[in-house]
Each structure stands twice: as C-alpha cells, then as structure tokens.
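Q: I have a new model open and would like to learn how to read it. Could we walk through a few features together?

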Amino acid sequence: MTERNGGCLCGAVRYGVKGELRGVTICHCTHCQKLSGSLFSFNAVAREADYVQSGATTVYIDSGDSGQPVERHFCGRCGSPILAKIAAAPGKVVIKAGTLDDIAGLQPKIEIYTDHAAAWLAPFEGATRFARNM
Ligand SMILES: [Zn+2]
C-alpha cells in the first residue's frame, strides 16, 4: 500500500497518509488564493481514517459555497496550510498537496474555479477545467 508523508515548513506538524490519493485538483478560488498567499491550491483527497498527524494544527472555520463549515487546518507556528475538512464531505480530508514530501505521480486531473484563475496562467495539461465547482 502506498504511504506518503508530509508536513509544514517548520516541522511542528507532520503527517502520514495511506492509500491512493484521489481528487487531485487545482483550485483557483479566492479562499485558496488568500490561504496560500499564491494563486491556487494543489489539493488531494484522502479518507480521514487513512490520515495520521503528529503536532497540533490551528483551525480556522471558513464557510464553503454550500454555506456549510470548512475547517482549515494550518500550522500555528509557521502558517503552512495543511488540510481542510469540509462538512459537506464527511470522512474526507483535503490535503494541501504542496506539503507532501514527495508529489511523484500526483498530477491534477481537474481545475476548479477557473473563473478566478489569473488571466496569464496557462491551463494545466491534461486537466479538465470547471468555471466553478464540479
Ligand atoms: Zn510549522
């Protein structure tokens, strides 16, 4: 079984995740832009049961398009975004895949919220684009 490890910039938060990561997605939404300080998030979805973390994250309760809460977990020391837990998708964690130690084999299949993508950013090859959510 595949297992991947990751963590924040300072190392206070580390995690391991078992199994195949799904839903490898680029998200251009305004929340991902703010939380990353960049232009998009590189996300991958795992079952919460397959995710093990050491070190506590700080949580910001955001709200998604559905109006339901989205827990945004980040390192309270260095600020790296680690994952989101979306109330509308129970039992799943949406990992900020740039925090993985190794992203080999992870290629985005989907881009969402491209209506907020930077005009000069080229589409990602092989990814299907959605103006908003899928
Ligand atoms: Zn940290």
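A: Gladly! Keep in mind that this is a predicted model. Let us begin with one cysteine: Cys27 has 4% relative accessibility, so it counts as buried, given that buried means under 20%.

Q: Is Cys32 buried or exposed?

A: The reading works in the same way there. Cys32 counts as buried because its relative accessibility is 3%.

Q: How many disulfides are there?

A: The general idea is a distance test: two cysteine sulfur atoms must lie within 2.5 Å. By this rule the count is zero. Cys27 is in no disulfide, and its nearest cysteine sulfur, that of Cys29, lies 3.7 Å away. Cys32 is in no disulfide either; for Cys32 the nearest cysteine sulfur is that of Cys27, at 3.8 Å.

Q: What pattern does the protein chain follow along the sequence?

A: Start with the elements: the protein chain has one helix and 11 strands. In sequence order they read β-β-β-α-β-β-β-β-β-β-β-β.

Q: What does the radius of gyration say about the protein chain?

A: Set the value beside the one for a compact globule. For 134 residues that would be near 14 Å, and the protein chain has 14 Å, so the two agree. The C-alpha trace spans about 40 × 30 × 25 Å along its principal axes, and 38% of the residues count as buried.

Q: What about the surface and the charges?

A: The accessible surface comes to about 7,500 Å², with 54% of it belonging to carbon and sulfur atoms. As for charges, the mean positions of the 14 positive and 12 negative ones are 2 Å apart.

Technical notes:
Residues are numbered from 1 along each chain as its sequence is written. This is a predicted model: local features need pLDDT of at least 70, side-chain atom pairs count only at pLDDT 80 or more; totals for chains, interfaces and linings use all residues. Side-chain values use heavy atoms; hydrogens and water are left out. Helices (H or I, at least four residues) and strands (E, at least two) are DSSP runs, numbered from the N terminus. The radius of gyration is taken over C-alpha atoms; the globule rule is 2.2 Å times the number of residues to the power 0.38. Buried means under 20% relative accessible area, exposed over 50%, partly exposed in between (1.4 Å probe, protein chains only). Accessible areas come from the Shrake-Rupley method with a 1.4 Å probe; for residues, only the protein chains shown count as cover. Lys and Arg count as positive and Asp and Glu as negative; His and the chain ends are not counted. The place of a charge is taken as NZ of Lys, CZ of Arg, CG of Asp or CD of Glu.
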